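Thanks for joining. I will go through one model this morning, so please have the viewer open.

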Amino acid sequence: MRKKLTPYILLVPQIILTIFFLIGLITGIAQSLGVIPAFGLTEPTLFYYKEILTKPDMVRSVLYSLRIAFFSALFSTAAGVLLCAVLVMSRRTKGRMMRIVQLPIVVPHVVVALFVINICSQNGLLARVIYAFGLIGEQQEFPALIYDAGGFGIILAYLWKEIPFIVYFVIALMANIDGKLGEAAVNLGAGKVQAFFRVTLPLCANTIYSGFLIIFVFALGAYELPFILGATTPKALPVQAYIQYTHPDLRNRPYAMALNGLIMAISLLSACVYLALMRRSQKKLAGNK
Amino acid sequence: MSLRIEQLNVAFGKTEVLHEISLDIADGEFVSLLGASGCGKSTLLKSIAGLLEARTGKIQIDGREMNGVLPEKRGTVIVFQDLRLFPHMTAGKNIAFPMSIQGIPKERQKETVERLLGQVQLTGYENRKIREMSGGQMQRVALARALAANPRLLLLDEPFSGLDERLRAEMGELVRKLHLENGLTTVLVTHDKQEALKFSDRIALMSGGRMLQYDTPQRIFKYPVNREVAEYFGRMNYIREKGQEIGVRPFDIRIVPSGNDGMVKDIVFMGETAEIRVDTPKGEVFCMLMSSELEAMDMSVGDRVGIEILRNVCVGMAKTEE
């Protein structure tokens, strides 16, 4: 009897956490639909979703966040895969080299934001070096890489941390495929680069797309980098949500929850695509003995 | 094409795995590298293909030194033990892969794929996905893909190890047929002595990264250079005769029911054959005979029998005997 109960007892902490998570989620969804009885809001409505998808400043926030998330994920993935390719083809996928490459993963995003400010701001290290070389006459001539409306500084900070993440996420599979199937391709007459692009890369594609999605969803929902490095306007979705949440008028809270709801919907969609990609990848690789 | 290996040494880090390997393979020969797991057969094969660097020694293909020549420029193709078919391609695309690398026109690729699929008895399987194929079919596709690369030297790294006995024999025959039809020079890595004896023109027996003996199947079986080689091809009896120790294989001993050389200690029925152990004053003698012979003798444990040595194996005399 005790043996039978053990698995369920072991699951209790997880179940408790899940219950808390679900309560938060359901409350959030209910509030995004305008149901907060304590504030006298009792009728469910899609009004707040309509607002965030039509109000110009909200729409700008949505597009701004999507753009930052997309380009952060795209550039991180592209650079990460390129770095992976170099490491795999030079057979440096283990040991000291990998530890150095993956070091930025453990650095918190807030610290990365401070690095970016110190290096890329108009009075940062880069601006001073360029000034010292006489390439600019004064600090204002240095391009505004941070606090810019294009989100360049935020993307830069994400790149610093997410390129190593992609390496970490992809390299084991890539090294394995390249070591076996890549070797087979070379053995059949392909050059190393040909073998990589014709065999290794296509077989890693689904894992790479998954890595892209993870970064995309993370960048879409993360608060600290857009808060520290973002422009005054437009504001990123999580920042906007926080502002709405802490708004003195408590009846603004459904806006915050609708913004969160939007992030959640995009994340859920991405999770479904991620799952489908992983299944496809497993199926694809299962074809090989 | 011919292959010559001289004093080859290969190491993984500080560990040397091949020691002083020398081997000559003539054009059109079928050679088996035979030995137990971990003896260095696959390492030797990969070194020939250029997938592993030699520490010292020479590899020559058709008289041209291969040290430093890239794998894709050597004209050698390995069929790997785990086959390594590309799972994202169909059978046809796998076979066409080496041709597309060589830039052969699509039309010719298609013709060659059809011809090779026919040769490996898989006609009509062009569009079949790899995961939809059986183990035997995948072996055939791997063979066809290797042939599509038009190799000067075909290297087979235990490609049949995952197959059942019947399929294994079938694939062996197919390989031998393809070897002859395509005029290939073939090196087969195997640990199966029957496979090596059956298909090879010559056998190179390896142990611990060294070459123990390189000879024709008949000679390596009859004239092993030492006990290790002799015993690799089957159990041996070592009997003292006139002050000399001679090696005798179990099938080369005839049991004479009317004799009185020893007592039957054990009889093990094994289907077509039977194993019999006889205790003699010279030691225990292990014999094998056909089960039908055993039945005709009507022999049982405890009976006194005679033993007659039909022929002995000249262990350690390979160089002097011809």
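**Two sheets, one interface, two domains**

Start in chain B, where I253(B) stands opposite I309(B), a residue of β17(B). Before going further, note that this is a predicted model.

That residue pair belongs to a longer match: β13(B) and β17(B), the latter covering residues 304–309, pair in the antiparallel sense over 4 bridges. Zoom out and you see an open sheet of 5 strands in chain B, in the order β13-β17-β14-β15-β16, with antiparallel pairing. Why is one side of β13 and of β16 in chain B left without a neighbour in the sheet? Because β13 (253–256) and β16 (283–290) of chain B stand at the edges, and each has a single partner strand. From one strand to the next, the twist in this sheet averages 40 degrees.

Chain B also has an open sheet of 4 strands, ordered β2-β1-β4-β5, with antiparallel pairing. Its edge strands are β2 (15–25) and β5 (64–65) of chain B, and each of them pairs on one side only. Strand β4 of chain B, residues 56–61, runs antiparallel to β5(B) and is joined to β5(B) by 2 bridges. If you want a residue to click on there, Q60(B) stands opposite E65(B) in β5(B).

What lies across β1, β2 and β4 of chain B? Helix α1 of chain B, residues 41–49, does, and this helix runs at about 65 degrees to β2(B). For selection purposes, β1 of chain B is 3–12.

Now the contact between the chains. Chain A gives 20 residues to it and chain B gives 24 residues. On the chain A side, α7 (152–187), α8 (192–221) and α11 (253–286) each supply at least two residues. Which of the helices gives the largest share of that side? It is α7(A), with 6 residues. Sorted by class, the side of chain A that touches chain B has 10 nonpolar, 6 polar and 4 charged residues.

Last, the domains of chain A. The domain assignment gives domain 1 as 1–32 and domain 2 as 46–109 + 144–286. Taken over C-alpha atoms, the centres of domain 1 and domain 2 of chain A are separated by 29 Å. In chain A, 4 residues of domain 1 are in contact with 7 residues of domain 2. On the domain 1 side of that contact, the residues divide into 1 nonpolar, 3 polar and no charged.

That is the end of my part.

Notes
Residues are numbered from 1 along each chain as its sequence is written. Chains are lettered from A and ligands numbered from 1 in the order in which they are written. This is a predicted model: local features need pLDDT of at least 70, side-chain atom pairs count only at pLDDT 80 or more; totals for chains, interfaces and linings use all residues. Two strands pair if DSSP finds at least two bridges between them. Two residues are in contact if their C-beta atoms, placed from the backbone, lie within 7 Å. Axes are lines fitted to C-alpha atoms, for helices over the stretch in contact, and angles run from 0 to 180 degrees between N-to-C directions. Ala, Val, Leu, Ile, Met, Phe, Trp, Tyr, Cys and Pro count as nonpolar, Asp, Glu, Lys and Arg as charged, and the others, Gly among them, as polar. Domain bounds come from an automatic or database domain assignment.
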